[in-house]
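Here is a short tour of a predicted model, written to be read with the structure open beside you. Take a moment to turn it around, and then follow the headings below.

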Amino acid sequence: MTTETLLRGEGLGVTLRERQLLRQVDFKLKPRQILTVIGPNGAGKTTLVRLALGLLKPTAGRISRAPGLRIGYMPQRLSLPDSMPLPVGRFLTLGGGDHAAVLRNATETGITQLLDQPMQGLSGGETQRVLLARALMRDPHLLMLDEPVQGIDINGQGEFYRLIVRLRDERDCAVMMVSHDLHLVMAATDEVLCINQHVCCSGHPDMVTRHPAYLDLFGEIDAETLAVYTHHHDHRHDLDGHVVRPGGGNDDG
Amino acid sequence: MWYARAGEMMMDDFMLRALAAGLGLSLISGPLGVFVVWQRMAYFGDTLAHSALLGIALGLLFDLNLQLSVLLLAAFVAIALLVLQQRSHLASDTLLGLLAHGTLAIGLVAISFQDDVRIDLLAYLFGDILAVGTADVWWIWAGALSGLLLLALIWRPLLNLCVHADLAAVDGINPAAVKLIFMLLVALVIAAAMKIVGVLLITALLIIPAATAHRFSRGPEQMALIATLIGALAVAGGLFASLLLDTPAGPSIVATAALLFLLGQIRPAA
C-alpha cells in the first residue's frame, strides 16, 4: 500500500431506529499503525468496527478506504453450528488460500497441532489464535481485531499481544483493535481512541513501568506488553449516555 | 418365495422409474440437506412444502405443469420470507408459520373450488410413485444435476455464511444473494420430490440423511457425500419395502431413513 492513509472516518454517525449509536467520530489509520479503541459497554465500539469493515453504512459522515485495501477480520466470537463437522485446517481455507498459506499462518499463530481438530472442541485461547490465523489468510493490509483477548488470562494476553506486534512488524500491516479494558491497552499501541458514542478522548498510552501500582499487579514480564492509558476527559456521561460538562448543564455536542 | 416376487416387481417399469427418480432426487437432497441442518432451516423447508398445495391448485387453475407451478410458488414464498424478514420486527418462526399455514389454507380452499377436477389429495401429500412417468424421471435428473451445479458454485460462500455471516461479508460475499439461491434450491427439491415422497414428508428427506451422516463425518464435504449415499439407500430401501409390503412409497422411504438414523446411533462414531 502506497497510500498515506489506509482508513479514515470523518464525522461518522450511526442512528438506528431513532437511537443514536455513534456521532461525530473521526479517526485515521496509517500503514503499520496500531489503533486501540476502548470504551464502556454499549459505547459503539463494535458499531465502529462494522463501519470500518463496510458491513454498516454510516448515517452521517463518510468513511474512506485506500483502494484495494484488504482487511483481515477477527470477530469477537464464532457461533458455529454444532452439527457442522469442521476441522481447523478446513476452517482456515474457507476464505480462500492454499495449503502452504494454511501452514504458514498456523505456524505463525502456533496452532499447527490443532489443524485436524474439530473447531467445536477448541478452548477459548485456542479459538482466538485460530480466528487470528483465519484473519491472516487474506494477507491483509489491515488486521481488524474485535476484543481479541477476551477470555484469555493475563499471561495469555501478554503472549497474544507479542504475537500481534510481531505480525505487524513481519507483515507490515496496520492493526485496529477493540479492547474491553479501559485502562490497560497493548503497549505497542500508537494511538488510543476512547469512545462513548462520540470520541471522549484520544492519545498515546504510557508504559506500565511508569505506574508502580500496575507493575506490582502484573510483574515485569507482562508489564512489557501492556500500557496504561490515562484518560483526560473534559466531561462525563449520565446514565442515559448524555454528556455532562463539569459546572452543570447537559449538551449533546 | 418372497425374493422371487420382489425380483419380479423390480422388473416393473414403474418401479424402475420411481427408483431412477428417487436416486436423482437424493443426489441434490443430500448436499442441500446438510445446509438445512446447519442453518436450522427445517421449518423453512416445511413452509415451502406446505405452500406446494397452493402451487398445485394454481397449476390446475392455469393449466400449468404442476411441478413448475409448485416451484414458482415455493420461490415466491422464499422471496416473500426474505422481504418480510427485512421489513418486519416479527421473529422468523412467526413469519414462517404465517406463510406455511396461510398458503396451505388458501391452497386447500382453492382446490375445493375446482369441482370439475378430481384430485387425489393423498397422492400429493404422501407421494404416488405410480404417477412418475418417464418424462418426470428426465426432469428430476435435469433439475437435480443443474441444482447440484448451482450448489457447487455457491458452496464456499454458503459454507462461509453458515460459519460467520460478517466474516463472509468481509471476504466479499453477498449474503442476501447466496441465501436467495440456497432458498430457490430448496424450492427446486420440493418441486422435484413432490411425486415421490409427497409434500408432507419432503423435509424429512432433507434433514434425516444429513442428521444421520453427522456422526460419521469429519468435514463438511464428507457429510454432504455421506448424506447423499444415505438418502439414496433410504430411497431404494423404502421403495423396495413399499412394493413388498404394499405400503405408501413416501412414508416407506422416510421410515427407512429414520431406521437408518437409529442404526447409525448404535454404531460407534467415526
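## Chain A overall

Of the 253 residues in chain A, 40% are buried (20 or more other C-beta atoms within 10 Å of the residue's own; exposed means 12 or fewer, partly exposed in between, with C-beta atoms placed from the backbone). The secondary structure of this chain comes to six helices and 15 strands; these are DSSP runs numbered from the N terminus, with helices being H or I of at least four residues and strands E of at least two. Among contacts in chain A with a separation of 6 or more, 68% are between residues 24 or more positions apart; a contact here means C-beta atoms, placed from the backbone, within 7 Å.

A word on conventions: residues are numbered from 1 along each chain as its sequence is written, while chains are lettered from A and ligands numbered from 1 in the order in which they are written. Since the model is predicted, local features need pLDDT of at least 70 and side-chain atom pairs count only at pLDDT 80 or more, whereas totals for chains, interfaces and linings use all residues.

## The six-stranded sheet

Chain A has an open sheet with mixed pairing and the strand order β5-β6-β7-β3-β9-β10; strands pair if DSSP finds at least two bridges between them. β5 (71-74) and β10 (198-203) of chain A each have a single partner strand, so they stand at the edges with one side lacking a neighbour in the sheet. From one strand to the next, the twist averages 15°.

At the β10(A) edge, five bridges join this strand to the antiparallel β9 (residues 191-196) of chain A. There you will find Val192(A) opposite Gly203(A).

## A covered helix on the sheet

Helix α1 (residues 45-53) of chain A lies across β3 (34-38), β5, β6 (142-146), β7 (174-178) and β9 of chain A, and runs at about 155° to β6(A). Such angles run from 0 to 180 degrees between N-to-C directions, with axes fitted to C-alpha atoms, for helices over the stretch in contact. Eight of the nine residues in α1(A) are buried, including Leu48(A), Val49(A) and Arg50(A). Just after α1(A) comes Gly54(A), with a positive phi near 85°.

## Two helices that cross

Helix α3 (residues 99-109) and helix α4 (residues 124-136) of chain A pack at about 140°, their axes 9 Å apart. The pair is therefore oblique (not under 35 degrees, roughly parallel; over 145, roughly antiparallel; or 65 to 115, roughly perpendicular). Asn105(A), Ala106(A), Glu108(A) and Thr109(A) in α3(A) meet Arg129(A), Leu132(A), Ala133(A) and Leu136(A) in α4(A). The residues of this contact divide into four nonpolar, two polar and two charged (Ala, Val, Leu, Ile, Met, Phe, Trp, Tyr, Cys and Pro are nonpolar, Asp, Glu, Lys and Arg charged, and the others, Gly among them, polar).

## Two residues of helix α5

Ile164(A) sits in helix α5 of chain A and is buried, with 22 other C-beta atoms within 10 Å. Leaving out residues up to four places away in sequence, Ile164(A) touches Val175(A) and Met186(A).

Arg168(A) is also found in helix α5 (residues 154-171), but is partly exposed, with 17 other C-beta atoms within 10 Å. With the same sequence neighbours left out, Arg168(A) touches Arg32(A), Ile34(A), Cys173(A) and Val175(A).

## Where chain A meets chain B

In the interface, 16 residues of chain A are in contact with 19 residues of chain B. The chain A side divides into 13 nonpolar residues, two polar and one charged.

Key. Two residues are in contact if their C-beta atoms, placed from the backbone, lie within 7 Å.
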